[in-house]
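Thanks for coming, everyone. Please bring the sequence and the structure up on your screens. I'll go through helices, then loops, then cysteines.

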Amino acid sequence: MVDIPFPPDAVAERLLKWYDQEGRELPWRQTRDPYRIWLSEIMLQQTTVAAVIGYYQRFLKSFPSVEHLASAPLEAVIDLWAGLGYYARARNLHAAAKLVVEEFGGSFPQSLAELQQLPGVGRSTAGAISALAFEQRASILDGNVRRILCRLFALQQPPRSAVAEKQLWLWAERLTPQQRVHDYTQAIMDLGAMVCVPRKPICEQCPLRELCLARQLGLEQQLPLKQKSKPVPTRHEVALLLEKAGSYLVRRRPASGLLGGLWEFPTISLAEGENAEQKVRLLMNDFAASGELQPLGSINHIYSHFRLELQLYRLSVVDLSQVGEGGNDWC
């Protein structure tokens, strides 16, 4: 373990003083309700605060308690999540709500071990719920905290490497105070979001600037080190825009997998060397549709782990009322 070159209490002391003056006002900070805190923490994974606020408020309006969420159809949860991305979070949210109701009697567990039994809740999220809802001394290591610690200790390892992961958790636990752990947890997240930002950190406004080894070494712009990027594969698919009287056929995707439970134009994968028009005619057969296809070109979209190239074909029909069943609909 790399030693801490300053009194560990100095970090919490400076952070809390700064937080009392500069902390953000956010909807989920007005409560200690573990349901609302858990909901916000899941939504904030891989997503910005600005994007989450509206979704958070709409979710609470539709599902004001964990019991409401657990009893809702999964499709209703996914539809309300649409646009927020990383849709496995919505499925995990629903599954975790059911577990809280069925296994824990509707009350969120307080221990880190039990919290991590909930789908979608890892070590850092469990720490956040424990600290924010129950004022228990628990550490977090989200992206903001990871970045702060890499700079504070001038860690010259990629922050997601196994070596860095172990060291960062040790530091996070050493720095977490015994008192005001709720405020400390909010404070260190705010510091990463507002001051110790990924690019061009605002060091002159940082309450930890006198302690920060990266600043002392002139490395605040270089740290954290970037992970070596892996080649991003490209997937090829074909979509059928089946039109009838100004409406288009859509179908719900399977509940699991990419974009699980969302609505899509009927789509089929396209392997290397396959003919796109021949593949789209397989989709036409699924709906007993015939007619002249109109190629519309292609669109490209980048997901987190791959690129999608989607070729589009339009087909107008007069009457296909039977396909508005079994997960299909016109919109």
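A definition before anything else. Helices (H or I, at least four residues) and strands (E, at least two) are DSSP runs, numbered from the N terminus. Now the source: this is a predicted model, where local features need pLDDT of at least 70, side-chain atom pairs count only at pLDDT 80 or more, and totals for chains, interfaces and linings use all residues. Residues are numbered from 1 along each chain as its sequence is written, and side-chain values use heavy atoms, with hydrogens and water left out.

Start with helix α1, residues 9-22. The expected span of a helix is 1.5 Å times one less than its number of residues. For the 14 residues of α1 that should give 20 Å, and the end C-alpha atoms are 20 Å apart, so the two agree.

Next, burial. Buried means under 20% relative accessible area, exposed means over 50%, and partly exposed is in between, with a 1.4 Å probe and protein chains only. In α1, the buried residues are Ala10, Val11, Ala12, Leu15, Leu16, Trp18 and Tyr19. A reminder on spacing: an α-helix has 3.6 residues a turn, so residues three or four places apart point the same way.

What covers the buried residues of α1? The cover includes α9 (143-152), α10 (162-175) and α11 (181-194). Contact here means heavy atoms within 4.5 Å.

On to α2, residues 34-44. Nine of its 11 residues are buried, so α2 is largely enclosed by the rest of the structure. Those buried residues are Pro34, Tyr35, Ile37, Trp38, Leu39, Ser40, Glu41, Ile42 and Met43. Note Glu41 in that list. They pack against α3, α4 (66-71), α5, α6, α8 (123-134) and α11.

Two of those neighbours lead to helix pairs. Two packed helices are described by the angle between their axes and the distance between the axes. Axes are lines fitted to C-alpha atoms, for helices over the stretch in contact, and angles run from 0 to 180 degrees between N-to-C directions. Angles under 35 degrees count as roughly parallel, over 145 as roughly antiparallel, 65 to 115 as roughly perpendicular and the rest as oblique. A crossing is left-handed if the near helix is turned anticlockwise from the far one by less than a right angle, and right-handed if clockwise.

Pair one: α3 (residues 49-62) with α5. The angle is about 155°, and the axes are 10 Å apart. α3 and α5 are therefore roughly antiparallel. α3 passes α5 in a right-handed crossing. At the interface, Tyr55, Arg58, Phe59 and Ser62 of α3 meet Val77, Leu80 and Trp81 of α5.

Pair two: α5 with α6. Here the angle is about 140°, with the axes 9 Å apart. That makes α5 oblique to α6. This crossing is right-handed. From α5 come Leu74, Val77, Ile78 and Trp81; from α6, Arg89, Ala90, Arg91, Leu93 and His94.

Stay on α5, residues 74-81, for Ala76. Ala76 is partly exposed, at 31% relative accessibility. Its C-alpha atom is 9.5 Å from that of Gly261, 185 residues apart along the chain.

Now the loop between α5 and α6 (88-104), home of Tyr86. Phi of Tyr86 is near 45°, a positive value in a residue other than glycine. Tyr86 is partly exposed, at 42%. Tyr87 sits in that loop between α5 and α6 too. Is Tyr87 buried or exposed? Buried, at 12%. Setting aside residues up to four places away in sequence, Tyr87 touches Trp81, Ala82, Leu259 and Leu262. The C-alpha atoms of Tyr87 and Gly257 are 8.8 Å apart, across 170 residues of chain.

Arg180, in the loop between α10 and α11, has phi near 50°, a positive value in a residue other than glycine. Arg180 is partly exposed, at 34%.

One more backbone feature: a cis peptide bond joins Leu223 and Pro224, with omega about 0°. Pro224 is in the loop between α12 (213-217) and β1 (234-244).

Last, cysteines. A disulfide is a pair of cysteine sulfur atoms within 2.5 Å. How many disulfides does the structure hold? Zero. Cys203 is in no disulfide, and the nearest cysteine sulfur, in Cys212, is 6.3 Å away. Why no bond for Cys212? Because 6.3 Å to the sulfur of Cys203 is too far. Cys203 is buried, at 16%. Cys212 is buried as well, at 11%.
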